Amino acid sequence: MKRYENIADYNSYLDTKFDIEVIMGKATVTVKELLSLSPDNIILLDKMVGDGSDIYVNSRVIGYGEILVFDDNINIKIKDVSSADEAMGYFYNEGRL
């Protein structure tokens with residue numbers, strides 16, 4: 001894994017954009033249930049309100065957070081996150097940088 005010694009090593013990448021995803025929960029359904037879905041149906045997820053969720057950047061888990069609602073917006077409060085060296089190393093080795 002490429003090692004980044006200090007923040008100056010990141011300068012050429014600071015404007016690179018990544019998508020952040022937070023998976024709020026999962027559910028398992030049969031094909032029959034999937035095909036019968038319609039507006040206003042509710043799918044029960046495997047998480048409760050206040051449970052934490054993994055934070056993904058380009059399909060890699062880089063942290064963990066708590067889902068919160070403020071002013072009708074869903075947000076995530078970071079509870080744990082990878083170090084800068086670790087995250088940059090992942091993306092560099094995967095050819096994303």
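## The nonpolar surface patch

A nonpolar patch of about 960 Å² lies on the surface of this structure, and the residues that make it are Met24, Val29, Val31, Leu34, Leu35, Leu37, Ile43, Leu45, Val69 and Ile74. The model is a predicted one, and the description that follows should be read with that in mind. Helix H1, which spans residues 31–35, contributes the largest share of the patch, namely three residues. One of the residues named in the patch is Leu34, which is found in helix H1 and which, at 48% relative accessibility, counts as partly exposed. Leu34 is not classed as exposed because that term is kept for residues over 50%.

## Strand E2 and its partners

Strand E2 covers residues 52–57 and is mostly covered, with five of its six residues buried. On one hand, E2 pairs with strand E1 (residues 20–22) in the antiparallel sense, over three bridges; on the other, E2 pairs with strand E3 (residues 60–70), again in the antiparallel sense, over six bridges. Tyr56 in E2 appears in the register of both pairings, since it stands opposite Glu21 and also opposite Val61 in E3.

The connection between E2 and E3 is a hairpin with two residues between the strands, and Asn58 in the turn has a positive phi of about 50 degrees.

## Ser53 within strand E2

Where in the fold is Ser53 found, and is Ser53 buried or exposed? This serine is found in strand E2 and is buried, with a relative accessible area of 1%. Leaving aside neighbours within four places in sequence, Ser53 is in contact with Val22, Ile23, Met24, Lys47, Gly63, Tyr64, Gly65, Ile67 and Ile76. For one of these residues a polar atom pair can be specified: the backbone oxygen of Ile23 lies 3.2 Å from a polar atom of the Ser53 side chain. Among the other contacts of Ser53 is Met24, a residue that also takes part in the nonpolar surface patch.

## A salt bridge between E3 and E4

How many salt bridges does a search of the whole structure find? The search finds one, in which the side chains of Glu66 and Lys79 meet at 3.5 Å, N to O. The pair links distant parts of the chain, with Glu66 in strand E3 and Lys79 in strand E4, 13 residues apart. Glu66 counts as partly exposed at 24% relative accessibility, and Lys79 is likewise partly exposed, at 49%.

## Loop residues

Two aspartates in loops have positive phi values although neither is a glycine. Asp40 lies in the loop between H1 and E2, where its phi is near 80 degrees, and this residue is exposed, with a relative accessible area of 79%. Asp72 lies in the loop between E3 and E4, has a phi of about 65 degrees, and is exposed as well, with a relative accessible area of 77%.

Ser82, by contrast, is a buried loop residue, with a relative accessible area of 19%; it is found between strand E4 (73–81) and helix H2 (84–93). Ser82 counts as buried because the class takes in values under 20%. Leaving aside neighbours within four places in sequence, Ser82 is in contact with Val61, Ile62 and Ala87. Of these, Val61 is the E3 residue that stands opposite Tyr56.

Methods:
Residues numbered from 1 in each chain as written. Predicted model: local features only at pLDDT ≥ 70, side-chain atom pairs only at ≥ 80, totals over all residues. Heavy atoms only, no water. Helix = DSSP H or I, 4+ residues; strand = E, 2+ residues; numbered from the N terminus. Buried < 20%, exposed > 50% of the residue type's maximum accessible area, 1.4 Å probe, protein only. Polar contact = N/O pair within 3.5 Å; in protein donor to acceptor, adjacent residues only side chain to side chain. Contact = heavy atoms within 4.5 Å. Pairing = 2+ DSSP bridges. Patch = residues over 30% accessible without salt bridge, like charges linked within 9 Å, V, L, I, M, F, W, Y side chains within 5 Å. Areas by Shrake-Rupley, 256 points an atom, 1.4 Å probe, with all protein chains shown as cover. Salt bridge = Lys/Arg side-chain N within 4 Å of Asp/Glu carboxyl O.
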